[in-house]
Protein chains: 2
Amino acid sequence: MNANTSASVSSVPAYMDAIGRRARAVSRDLARAETGIKNRALAAIADAIEAAAPRLKAENARDLEAGCARGLDAALLDRLGLIDARIATMAEGLRQIAKLPDPVGAIEDLKYLPSGIQVGRMRVPLGVIGIIYESRPNVTVDAAALCLKSGNAAILRGGSEALFSNQAIAACIREGLVAAGLPEAAVQVIETPDRAAVGELLRMKDYVDVIVPRGGKGLIERVSRESLIPVIKHLDGVCHVYIDDSADTEKTLNVAFNAKCQRYGTCNTMETLLVSAARAVDILPPLAARYTDEGVRLKGCERTRAVLPDIEPATEADWDIEYLAPILSIKVVDGLDEAIEHINVHGSHHTDSILTEDYSRARRFLREVDSSSVMVNASTRLADGFEYGLGAEIGISTDKLHARGPVGLEGLTSQKYVVLGDGQVRQ
Amino acid sequence: MNANTSASVSSVPAYMDAIGRRARAVSRDLARAETGIKNRALAAIADAIEAAAPRLKAENARDLEAGCARGLDAALLDRLGLIDARIATMAEGLRQIAKLPDPVGAIEDLKYLPSGIQVGRMRVPLGVIGIIYESRPNVTVDAAALCLKSGNAAILRGGSEALFSNQAIAACIREGLVAAGLPEAAVQVIETPDRAAVGELLRMKDYVDVIVPRGGKGLIERVSRESLIPVIKHLDGVCHVYIDDSADTEKTLNVAFNAKCQRYGTCNTMETLLVSAARAVDILPPLAARYTDEGVRLKGCERTRAVLPDIEPATEADWDIEYLAPILSIKVVDGLDEAIEHINVHGSHHTDSILTEDYSRARRFLREVDSSSVMVNASTRLADGFEYGLGAEIGISTDKLHARGPVGLEGLTSQKYVVLGDGQVRQ
């Protein structure tokens with residue numbers, strides 16, 4: 001058991017400093033830990049979680065009880081709950097990450113240069129990663145597993161609603177780490193509910209290499225504003241589908257429907273549909289019927305309402321809103337140029353898709369749309385680490401530096417140059 | 001001619017805002033500019049610079065005169081001077097960068113996934129790059145050329161000592177851009193000597209994607225501290241050479257000498273020599289003789305001074321100093337573990353080299369030393385974009401996120417995901 005329970009935290013700065021110092025110290029051991037040992041730790045954590053299921057549920061019940069007393073809404077309580085299926089999924093997730101290739105130590109592009117040296121780049125962990133997230137306790141396991149596999153020390157700060165659940169999970173993680181011979185400080189879960197701990201974490205430049213916030217916009221904005229440490233984040237997902245003149249009707253109806261309706265609350269859900277004027281009359285009525293049947297509220301520009309007179313008018317503000325709800329704004333545009341311009345100005349550089357059978361316009365869309373994922377004839381909902389073959393993801397970045405788009409194990413690493421010589425000197 | 005001469009700058013914030021706005025606006029044109037057009041612009045700038053040599057020298061003379069009057073030291077005046085050979089080198093540099101492959105648009109790892117979509121990553125410009133540098137006017141040309149080739153808009157801020165020279169060079173750059181049909185705002189040189197312009201630049205998050213400071217430690221520290229925009233930088237170069245038990249004597253004498261003496265003032269110069277205790281007696285005397293003949297002042301730990309009794313004692317503080325001068329600190333260590341520990345604690349994560357013929361120790365050094373370049377049997381002075389085959393470099397990064405080590409054209413780009421589908425949706 002970790003002695004730092006919330007009750008014993010007398011000084012948040014001192015408590016956090018100790019956590020940071022330990023994380024930095026063990027990060028070197030993790031960086032050189034062999035793949036087999038990291039995988040054994042992941043498997044041991046999975047075993048510990050399965051064995052501790054009764055305890056996890058008991059601690060989770062304390063969180064749920066406190067949440068009810070505090071009047072948390074049903075959706076939040078649902079996300080907080082640790083039922084058997086979720087515990088099984090956490091264990092399964094750990095075993096999946098154990099099976100992924102280890103990115104650490106991989107050398108790329110090693111080649112001889114004129115001086116006779118060989119130069120290449122070796123993938124290395126970032127060092128210490130701080131992850132700040134909201135109520136879902138399974139994030140504790142996912143984040144710990146991704147950091148461990150990528151050779152990074154982790155400092156995790158979950159939502160206060162999940163405090164008891166996260167502490168119980170943390171105990172399982174420590175048990176697995178120790179069983180595999182790794183330091184238990186490889187993954188540290190902050191155990192004070194004091195919000196000042198987050199502020200401290202965001203200022204520990206000497207101990208923490210990168211911060212990953214996972215949660216709602218309020219959390220991500222606070223973290224971005226306060227952090228003195230680089231942040232891997234996405235702010236908004238104002239995603240677009242553009243129906244081009246030459247779009248195939250069948251594919252269009254399927255993809256435009258899926259992009260909006262497969263799930264409403266996710267960052268890669270379409271929020272604005274752009275339609276080339278040439279297709280407004282034939283495509284909008286059947287598509288609108290499908291949306292309306294599904295309960296999606298439609299808002300349109302004037303040209304849209306000329307075809308769909310019954311829908312609400314969209315205002316200028318609508319083009320910039322991430323609804324995260326069954327609401328869709330629709331705009332008729334003159335063609336590809338206006339669509340690209342609209343996306344680059346009003347979008348959030350997250351994920352945008354063109355529906356077209358035209359080779360040259362597909363090529364231009366891919367090149368000119370400045371988003372972390374650009375697609376041709378595919379649903380924006382496919383922008384996801386699993387769908388992209390990364391095996392797992394810690395989030396989706398809409399930043400341009402370092403990682404852009406879905407961030408998997410590789411996004412939690414960096415590359416250093418390795419130089420192999422035989423006595424070469426600079427002339 | 002650009003109308004914004006220093007005399008007409010009434011409000012620095014308004015002046016900088018206009019520059020930022022223009023840079024952001026043209027960055028989209030640059031992102032989609034064809035390789036051939038960018039290369040023609042680089043060639044046209046080279047021609048314009050050669051044709052303008054008399055004017056460049058006349059404007060440079062005004063800077064030199066003002067510098068003399070302000071009492072600048074001889075070394076600074078030397079770096080400021082635009083002689084014919086330097087003008088020819090600038091033009092040659094532009095033509096070299098035109099010959100490098102264009103990183104923009106290159107797609108990596110495009111592969112089919114189980115859902116039937118193809119997913120890959122396309123290299124894209126960062127957008128707008130701000131570069132802040134000190135007196136050498138040739139940096140204006142180098143930085144402009146690297147940003148242009150990598151498809152980025154550039155905002156350049158040179159030292160006030162080089163104001164007239166930089167304005168004359170800026171006119172040549174604009175001439176070349178326009179001749180190739182690119183917007184002249186693709187490269188903007190800040191023309192006010194007011195230091196407040198730097199502060200404004202560092203706060204223009206909406207217009208500028210990354211800041212690259214090039215210059216002394218004071219400049220880089222100020223920029224890192226004040227910038228609200230991500231910075232690509234290196235702070236210190238406390239580089240090490242470690243002479244292992246099995247080091248080849250001949251290679252060691254050459255490499256350890258070159259790493260210190262080939263140039264003193266560069267960030268990849270060795271500042272501390274580590275020697276395994278097993279080799280102190282046979283290696284240190286001949287090596288010390290070579291350094292002393294060259295005029296290098298030696299400082300040593302107690303164990304070093306047992307072998308070289310005439311040298312000064314090194315203090316603890318010496319292990320953390322970047323001398324940038326003919327001074328070398330020497331420490332005898334017990335072996336590889338102590339060497340790696342010393343480098344990771346006292347080094348600046350820049351460039352470190354092991355001299356060894358032992359396979360396993362070379363392998364461990366490469367994996368465990370946490371620096372942007374790790375080397376076996378090669379001089380630290382080889383850590384350089386040209387020596388690494390990058391063709392050019394805008395600097396060396398000791399950061400871990402995004403770019404690490406020498407930063408060439410690729411370091412000024414990012415990658416977005418491209419997804420090619422045939423109507424795929426999320427299940």
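1. Strand 7 and strand 8 of chain A pair in the parallel sense, with five bridges between them. Within this pairing, Y242(A) has L274(A) of strand 8 as its bridge partner. The model discussed here is a predicted one, and the points below should be read accordingly.

2. The two strands belong to an open sheet of 10 strands, ordered 10(A)-9(A)-11(A)-8(A)-7(A)-12(A)-13(A)-16(B)-2(B)-1(B), in which the pairing is mixed. Its edges are strand 10 of chain A and strand 1 (107-112) of chain B, each of which pairs on one side only. As general background, the strands of a sheet pair through backbone hydrogen bonds, in either the parallel or the antiparallel sense.

3. Strand 16 of chain A deserves separate comment. Strand 16 (residues 413-424) runs antiparallel to strand 2 (residues 118-125) of chain A, and eight bridges join the two. In this pair, G120(A) stands opposite V418(A) of strand 16. Strand 16 of chain A also runs parallel to strand 13 (residues 373-378) of chain B, with five bridges between them. Here the bridge partner of Y417(A) is S373(B) in strand 13 of chain B. Of the 12 residues of strand 16 of chain A, 10 are buried, so the strand is largely enclosed by the rest of the structure.

4. The relation between the copies is as follows. A turn of 180 degrees, with a shift of 0.0 Å along the axis, lays chain A on chain B with an RMSD of 0.1 Å. This is the relation of a two-fold axis. The C-alpha of chain A nearest the axis belongs to H402(A), at 1.9 Å from it. Both copies use the same surface, since 100% of the contact residues of chain A recur in chain B.

5. Salt bridges also involve both chains. D29(A), R32(A), D337(B), R364(B) and E368(B) are linked in a network of salt bridges. Over all chains, the count of salt bridges comes to 69. In general terms, side chains of opposite charge can pair when their charged atoms come close.

6. Helix 11 of chain A merits a closer look. Helix 11 (residues 277-294) has 18 residues and reaches 25 Å from its first C-alpha to its last, close to the 26 Å expected at 1.5 Å a residue. The helix nevertheless bends by about 50 degrees at I283(A), and a proline, P285(A), follows within four residues. Just after the helix, G295(A) takes a positive phi of about 90 degrees.

7. The buried residues of helix 11 of chain A are R279(A), A280(A), I283(A), L284(A), L287(A), A288(A) and Y291(A). The elements against which they pack include strand 7 (239-243), strand 8 (270-276) and strand 11 (327-333) of chain A. Helix 10 (249-261) and helix 12 (302-307) of chain A are also among their packing partners.

8. Helix 11 of chain A also contains a salt bridge between D282(A) and R279(A), whose closest N and O atoms are 2.9 Å apart. Because the two residues are three places apart in the helix, about one helical turn separates them. D282(A) has a relative accessible area of 36% and is therefore partly exposed, whereas R279(A), at 9% relative accessibility, counts as buried.

9. Two further salt bridges may be set beside this one. E59(A) and R62(A) form a salt bridge in which the closest N and O atoms are 3.2 Å apart. As they are three residues apart in helix 3 (residues 53-69) of chain A, about one helical turn separates them. R62(A) counts as partly exposed, at 41% relative accessibility. The side chains of K299(A) and D318(A) meet in a salt bridge at 3.0 Å, N to O. K299(A) lies in strand 9 of chain A and D318(A) in the loop between strand 10 (312-313) and strand 11 of chain A, so the pair ties together parts that are 19 residues apart in sequence. Both K299(A) and D318(A) are buried.

10. A last point concerns R222(A), which is placed in helix 9 (residues 217-226) of chain A. With a relative accessible area of 19%, R222(A) is buried; the cut-off for that class is under 20%. Leaving aside neighbours within four places in sequence, R222(A) is in contact with R195(A), V198(A) and G199(A).

How values were computed:
Residues are numbered from 1 along each chain as its sequence is written. Chains are lettered from A and ligands numbered from 1 in the order in which they are written. This is a predicted model: local features need pLDDT of at least 70, side-chain atom pairs count only at pLDDT 80 or more; totals for chains, interfaces and linings use all residues. Side-chain values use heavy atoms; hydrogens and water are left out. Buried means under 20% relative accessible area, exposed over 50%, partly exposed in between (1.4 Å probe, protein chains only). Two strands pair if DSSP finds at least two bridges between them. Copies are superposed by least squares on the C-alpha atoms of residues with pLDDT of at least 70 in both. Contact means heavy atoms within 4.5 Å. The expected span of a helix is 1.5 Å times one less than its number of residues. The bend at a residue is the angle between axes fitted to the seven residues ending there and the seven starting there. A salt bridge is a side-chain nitrogen of Lys or Arg within 4 Å of a carboxyl oxygen of Asp or Glu.
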